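Trainee: Could you take me for a close look at the strand region of this model, and then show me what lies around it?

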Amino acid sequence: MSELRPDGGIEVTPADLERLEMRWARSWDPSEVAERLDGIDAPWAVAAGWALELFLGKPMRAHGDIEIAVPAARFGEVRERFPEYAFDAVGDHRIWEDASAEVLAATHQTWVRDRETGDYLLDVFREPHADDVWVCRRDETIRLPYADVILRTADGIPYLAPEIVLLFKAKGLRDKDQADFEAARPVMTQRQCEALSGLLSRVHPGHPWLAGLASQPRPRKARSPLAAVRP
């Protein structure tokens, strides 16, 4: 994926943020997204805060939007399910409405927009991959089978494993990211905590969460993906 910013686009200034937040007020929830994507072959999954809520199996906090991750080369399978909506590429504080193939190739984030209302309903991350292997955008030496990074709720909604979600939240370390870590940490298995510790040590050495992961969590029966990941 190119690191160069495409030409054009609409700049998003600090003054625009409140208005932009309102455009996300009617975004879908995981059940609505899963219903629309039911049956596609691409290994997609709910990401970010909603993924941790699905992992915990109970409400955590209000969500300003909803994100999913999909292999970049399989993005077309997702796009085909939303023919009536626009897909705007986003990056570097800019929005490219009805993004061209060139712009999509140079960005990784896409917002699904209702053409009539202007509301944003879904945020799609087009992720790097090597065939059926997930590749970490922050460190491309971290590569794992999709079977190890995607879990499912009892009713079949796919979501990213908490190790992966928290790895990406670790960079910003906003108040909500810290709250999400504190909510998920006691429920994660020992092996999940070890996996997150290994990932953080590689991508964010010295991260403050590492100390909190050192103690042994209460075991759970759930499968623990990513246990093989080590620094």
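**A strand and its surroundings**

Mentor: Let's start with a single pair: the bridge partner of Arg 113 is Tyr 120, which lies in E7. Before we go on, please keep in mind that this is a predicted model, in which local features need pLDDT of at least 70 and side-chain atom pairs count only at pLDDT 80 or more, while totals for chains, interfaces and linings use all residues. Residues are numbered from 1 along each chain as its sequence is written, and side-chain values use heavy atoms, with hydrogens and water left out. Names such as E7 come from DSSP runs, numbered from the N terminus: helices are H or I runs of at least four residues, and strands are E runs of at least two.

Strand E7 covers residues 120-127, and eight of its eight residues are buried, so the rest of the structure largely encloses it. Buried here means under 20% relative accessible area, exposed means over 50%, and partly exposed lies in between, using a 1.4 Å probe and protein chains only.

What does E7 pair with? One partner is strand E6 (residues 109-113), joined to E7 by five bridges in an antiparallel run. Two strands count as paired if DSSP finds at least two bridges between them. E6 and E7 make a hairpin with six residues between them, and Gly 118 in its turn has a positive phi of about 80°. Strand E3 (residues 67-71) also pairs with E7, in the parallel sense and over five bridges. Within that pairing, Ala 69 has Phe 125 of E7 as its bridge partner, and Val 70 has Arg 126. In general, strands of a sheet pair through backbone hydrogen bonds, either parallel or antiparallel.

E3 itself is mostly covered, with five of its five residues buried. Both of its faces are involved: Glu 67, Ala 69 and Pro 71 on one side, and Ile 68 and Val 70 on the other, are all buried. E3 also runs antiparallel to strand E2 (residues 45-46), to which two bridges join it. There, Val 46 stands opposite Ile 68 of E3.

Now move along the chain to a separate set of strands. Three strands form an open, antiparallel sheet in the order E8-E9-E10. Strand E8 (129-130) and strand E10 (143-145) sit at its edges with a single partner strand each, so one side of each has no neighbour in the sheet. E8 pairs with strand E9 (residues 133-135) over two antiparallel bridges, and Ala 130 stands opposite Val 133 of E9. In the loop between E8 and E9 you will find Asp 131. Its phi is near 55°, a positive value in a residue other than glycine. Asp 131 is exposed, at a relative accessible area of 67%.

The helices complete the tour. The axes of H3 and H7 come within 10 Å and cross at roughly 145°; axes are lines fitted to C-alpha atoms, for helices over the stretch in contact, and angles run from 0 to 180 degrees between N-to-C directions. The contact (heavy atoms within 4.5 Å) is made by Ala 48, Gly 49, Ala 51, Leu 52 and Phe 55 of H3 with Pro 162, Val 165, Leu 166 and Lys 169 of H7. These residues divide into seven nonpolar, one polar and one charged. In this scheme Ala, Val, Leu, Ile, Met, Phe, Trp, Tyr, Cys and Pro are nonpolar, Asp, Glu, Lys and Arg are charged, and the others, Gly among them, are polar.

H7 also meets H8: their axes come within 9 Å and cross at roughly 145°. Leu 166, Lys 169 and Gly 172 of H7 make this contact with Asp 177, Asp 180, Phe 181 and Ala 184 of H8. By class, that gives three nonpolar, one polar and three charged residues. The loop between H7 and H8 holds Leu 173. Leu 173 has a positive phi near 50°, and it is a residue other than glycine. Leu 173 is partly exposed, with a relative accessible area of 33%.

Finally, the buried residues of H9 pack against helix H3 (48-56), helix H7 (162-172), helix H8 (175-184) and helix H10 (209-213). Those buried residues are Gln 192, Cys 193, Ala 195, Leu 196, Gly 198, Leu 199, Leu 200 and Val 203.
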